[in-house]
Amino acid sequence: MVAMLLGGTLAAGLARANGFALDDAQWRQKLSPEAYRVLRQAGTERPFTSPLLKEHRRGRFACAGCDLPLFASETKYDSGTGWPSFWQPLPHAVATHTDYELGLPRTEVHCLRCRGHLGHVFDDGPPPTGKRYCMNGVALAFHPGTTA
Ligand SMILES: [Zn+2]
């Protein structure tokens, strides 16, 4: 029993500790191929392809993997990069980690609950934070409504 509880990878254990864990086959079944590639394999969607770029209603942008609310519409802005961009996440929504996939350090952003890859954060955003959370639209699900 104890051995069973201790089984699995560290990442799965961390996700389980946060209350949300699926195995790889379950993720493949739950997500579209493109969402799976981004969220579970740290892929990047082609710029200017996300319908969320034109989403200007009030509401919340949630994780497409586990539906945890990640960003409020009030913090979304047009960065001109072709990816939905925000200057601040909601509290207790995302975590960051440094990757070196392009040879230079970049700060990867993932969902705090299911650990799904969302995008990267850069220091060239607008006030008040100066941060640019550059997100893959396919990793997000928009829920219209008030955010107050
Ligand atoms: Zn998630």
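In the predicted model examined here, the protein averages a pLDDT of 89, and 86% of the residues reach a score of at least 70. The stretch formed by residues 1-8 has a pLDDT below 50, and, once near neighbours in sequence are set aside, this stretch has 1 contact in the model.

An open sheet is built from 3 strands, which follow one another in the order β2-β1-β9 with antiparallel pairing. The edge positions are taken by β2, which spans residues 69-72, and by β9, which spans residues 140-144, each of these strands being paired on one side only. From one strand to the next, the twist in this sheet averages 30 degrees. Within the sheet, strand β1, comprising residues 59-63, runs antiparallel to β9 and is joined to β9 by 5 bridges; in this pairing, Cys 63 is found opposite Leu 140, a residue of β9.

A further antiparallel pairing involves strand β5, which covers residues 94-99, and strand β6, which covers residues 106-111, the two being linked over 6 bridges. Ala 95 has as its bridge partner His 110, which lies in β6. Together, β5 and β6 make up a hairpin in which 6 residues lie between the two strands, and the turn of this hairpin contains Gly 103, whose phi is positive, at about 90 degrees.

Key: Residues are numbered from 1 along each chain as its sequence is written. This is a predicted model: local features need pLDDT of at least 70, side-chain atom pairs count only at pLDDT 80 or more; totals for chains, interfaces and linings use all residues. pLDDT is the predictor's confidence in each residue, from 0 to 100. Two residues are in contact if their C-beta atoms, placed from the backbone, lie within 7 Å. Two strands pair if DSSP finds at least two bridges between them. Helices (H or I, at least four residues) and strands (E, at least two) are DSSP runs, numbered from the N terminus. Axes are lines fitted to C-alpha atoms, for helices over the stretch in contact, and angles run from 0 to 180 degrees between N-to-C directions.
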